[in-house]
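Got the sequence and the 3D view open? Let's talk through them together, one question at a time.

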Amino acid sequence: MKKILSLLLLITIGCSNNQDEMIVNIYSQRHYDVDQLQYDNFEKETGIKVNVIKANADELLQRLKNEGDNSPADLFITVDVGKLWQATDMGLLQKYEDSSITDGITETLLDKNGYWIPVTYRSRIIVYSNERVKKNELSTYEDLADDKWKGRILVRSSSNSYNQALLSSLVANLGEENTKSWANAIVSNFARDPKGNDRDQVKAIAAGQGDIAIVNSYYIGLLLSSENEEEINAGKAISVFFPNQAEGDRGSHINVSGIALAKNSPNKSNALKLIKYLTSDDAQKTYVNNTFEYSVKPNIEPNQIVKDWGSFKKDPLDLNMLGTERKSAIRIFDAAGWK
Amino acid sequence: MNVKSLTLIISLVLICPLIYLVYSVLGLNLENFIYLWNNLLVGYSFNTLYLVFLTSIFSLILGIIPAWFISTSNFKGKNFFDVVLFLPLAIPSYIIAFTYSDILSYTGPLQSFLRNYYPDIYPYFNQDYLQIEILSILMALVLYPYIYTACRISFSLIGSNYINIARNLGMSKLKTFFKIIIPISRVSIFSGLFLVIMEVLNEYGAVKYFGVNTFTSGIFRSWYSMEDVDTASILAVCLLIIVSIFFILERYSNSKYNYNYKSNDDVSGNYTLNRSSKSLIYFICSIPFMLGFFIPVIYIIKNTVDTFSKIDLNELSILSLNSFFLAFVSSLIIVVIAILFQFFKKISRSKTIFFLSEIVSLTYALPGAVIALSLILIISAFSNFSGISIVFGSLSVLIYAYVMRYMAVGISPLKSSFEKHPESFDQTGRNLGMTNYKIFSKIHLPINKTSILIAFILCFVDIIKELPITLILRPFNFDTLAVKTYEYAIEEMIAKSSIYSLIIILFGTVLLIFLRKIINKSLNVS
């Protein structure tokens with residue numbers, strides 16, 4: 001018994017924080033292999049050790065909030081800008097102040113309040129069956145409410161934050177009433193109840209369970225570069241369509257994976273160095289070639305697979321609106337019966 | 001310190017999330033709850049009930065029938081089946097859900113094979129498999145061992161008298177089974193079913209992937225998406241009340257029905273078998289094992305072999321060590337506390353201690369994430385109040401959360417074992433001038449040895465599978481096998497996740513085989 005107790009004591013003490021170390025502590029929603037690669041490279045370059053806790057954004061937010069002043073976190077990373085806004089709103093972040101940190105990053109992707117910094121972005125696009133849909137039948141997100149899509153649309157659940165962000169952008173652009181009727185109409189066009197993840201929607205098109213799907217762009221890249229031949233075939237059975245591209249239209253909905261300084265960041269200067277590193281040209285190239293996301297720097301070209309889809313016009317909406325409109329978006333989902 | 005106050009302190013430390021929850025509901029804001037009630041709650045409740053109902057039915061079928069045949073018939077390979085029918089318990093429900101979705105998906109091996117070689121029958125298999133009914137079957141496939149084990153013990157203890165009498169009265173086999181055996185065994189069946197229901201109510205990952213919104217999804221929708229802790233707490237308390245009802249029912253039925261088991265009366269070989277009934281038995285006993293263990297494990301092994309060159313063995317050994325260490329230490333603490341509680345209950349015969357030792361089991365009803373988050377809240381409140389800063393990312397907090405969550409798993413086998421032994425043991429000890437400590441170390445520890453081991457193994461197997469608590473409370477750069485499996489699986493990289501799931505299953509399998517052996521030995525089950 002004594003041995004156990006002393007062991008426990010050891011664990012507790014062994015994990016206490018030391019100040020003034022060459023470390024940076026991250027709470028991250030990103031858990032791809034490429035992220036670890038970036039951190040390893042950063043450590044090699046600077047000697048600063050990167051410590052990471054990976055979990056869902058919401059859980060990390062709750063943890064940050066409840067830890068309060070005692071939080072060891074320096075940085076908060078998400079794959080949905082809505083959560084960055086939420087963190088700002090909950091008072092969990094601090095401004096980055098050093099404006100040189102955003103040099104070279106596309107202006108429209110930046111946070112107007114100066115809290116978070118975009119690291120990559122992705123578009124929520126439409127993919128369609130090469131067999132059963134002609135490209136000229138597609139036009140806008142709004143058009144998905146049309147009767148011609150009855151029983152043909154595939155999409156995942158409304159608890160997914162990418163869908164919540166898309167609907168928030170519609171609320172911001174079209175207003176609440178229009179979005180409500182859009183949501184009601186699109187739900188009646190669903191081919192099946194929302195389920196699975198984005199890749200499952202593409203597979204369901206290939207399987208003939210529906211004709212078009214709303215998915216994040218990089219999933220198509222991942223599918224096409226899969227090691228499973230059947231997955232590549234499924235990826236080839238569909239094509240990519242960027243909605244709302246017509247002259248005068250707003251452009252396709254985009255979302256940002258971003259990073260922000262925690263309010264009580266104990267290793268602030270190290271944290272800023274890591275932000276600079278992740279937005280550097282080298283790191284940006286690593287992102288685009290491993291995860292098929294888009295770089296936030298206009299000079300970094302997308303991966304060839306992504307490039308083949310062509311360039312597209314991005315919705316210039318203030319990205320914070322994807323957070324501010326979130327609650328009304330969720331209520332609209334619920335009222336429309338979007339599971 | 002006397003026994004009562006020590007029990008009280010340990011209990012308080014263990015149930016503080018419950019106290020916090022109930023406390024937070026007192027100052028609630030009903031507006032959002034009414035909204036949730038009007039829009040979603042009816043659907044959520046229906047889904048939950050439907051899922052619990054279906055999973056229970058399938059678990060009962062998969063558990064009771066093989067247990068019956070194995071207990072009452074002699075056939076070749078019986079011992080083999082008796083061991084392997086237990087093994088699906090080693091597979092976490094999220095792993096079986098993701099594995100089967102992959103096997104059955106459009107790009108998975110089954111559909112690809114049929115598409116390429118049997119295009120005529122392929123269309124029948126091109127289905128949407130992400131259905132609530134399929135989910136319930138998958139969950140039943142890994143949860144039925146709870147019922148199987150309970151039934152195995154009960155059927156073997158019934159003895160052949162009941163069966164012989166029924167037969168002499170002209171009852172058919174089927175009638176005997178339904179009219180005599182099932183009613184006699186209902187207490188043990190219900191205790192197994194109780195665990196199945198708890199697991200279903202807690203399940204989150206697989207349920208979300210299948211697009212099934214349950215009560216637990218409702219808790220997270222309010223907490224996360226609506227940023228409404230109040231409503232989440234109300235829902236959690238509702239869940240707690242539902243579970244408490246089941247809990248009380250289980251305890252009530254346990255205390256009410258006391259059948260007279262004749263443990264040395266062998267029931268096996270009671271029915272002679274002809275060839276066709278033999279093949280039927282093989283078929284029936286194979287199904288749960290094949291679907292619940294063999295097929296998914298083979299698929300996972302195949303994926304492991306495919307990705308073997310990419311496996312970082314160094315990382316793998318660290319993860320295995322982390323998982324092992326956490327499960328070992330936490331299980332040990334749970335078992336120690338559980339033993340103390342049972343012993344205190346015995347020597348003090350105090351109602352308070354009895355009540356406390358029951359109530360610490362209730363945290364089992366709360367979803368892991370709720371426990372983790374309320375623990376953060378309580379600890380930060382404590383730090384602010386006392387000025388002592390506690391680092392969240394320490395393993396001790398993680399272990400604390402595990403102990404809280406899995407107390408019930410450790411208590412349940414110990415409780416029944418301690419209750420079985422008569423008071424006269426203690427009295428005799430006392431008459432011989434033994435101190436409480438001596439009674440404990442010389443009498444209770446040795447006679448409850450088996451159940452202590454059982455409690456430890458059950459906790460270990462559960463904790464090594466644990467996911468939400470680990471995700472939320474773990475220290476920096478600290479991964480476990482379960483966490484790694486999950487990270488790859490939700491990104492649909494099933495192949496990459498396979499080595500980690502395989503090790504979890506391996507740990508569980510070895511321990512469960514061992515457990516099977518000691519249970520059978522101690523009960524003299526044949």
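What follows is a chat between a student and a tutor about this predicted model.

Student: Which residues of helix α15 in chain B are buried, and why do they line one face?

Tutor: Let's look down the axis of α15(B). The buried residues fall within an arc of 95°, so they line one face of the helix. An α-helix has 3.6 residues a turn, so residues three or four places apart point the same way. The buried ones in α15(B) are Ile353(B), Leu356(B) and Ser357(B).

Student: Which exposed residues does the face turned away from the buried side of α15(B) carry, and what do the buried residues pack against?

Tutor: Turn the helix round and you'll find Lys351(B) and Phe355(B) exposed on the face pointing away from the buried side. The buried residues of α15(B), for their part, pack against two helices of chain B, α1 and α14.

Student: How compact is chain A for its 339 residues?

Tutor: Chain A is built from 14 helices and ten strands. The globule rule gives 20 Å for 339 residues, and the radius of gyration of chain A is close to that, so chain A is as compact as a globular protein of that length. The value for chain A is 21 Å.

Student: Which helix gives the largest share of the side of chain B that touches chain A?

Tutor: The contact takes 48 residues from chain A and 41 from chain B. Several helices of chain B each supply at least two residues, among them α2, α10 and α17. The largest share is six residues, and it comes from α16(B).

How values were computed. Residues numbered from 1 in each chain as written. Chains lettered and ligands numbered in written order. Predicted model: local features only at pLDDT ≥ 70, side-chain atom pairs only at ≥ 80, totals over all residues. Buried ≥ 20, exposed ≤ 12 C-beta atoms within 10 Å, placed from the backbone. Helix = DSSP H or I, 4+ residues; strand = E, 2+ residues; numbered from the N terminus. Arc of directions from axis to C-beta. Contact = placed C-beta atoms within 7 Å. Rg over C-alpha atoms; globule rule 2.2 N^0.38 Å.
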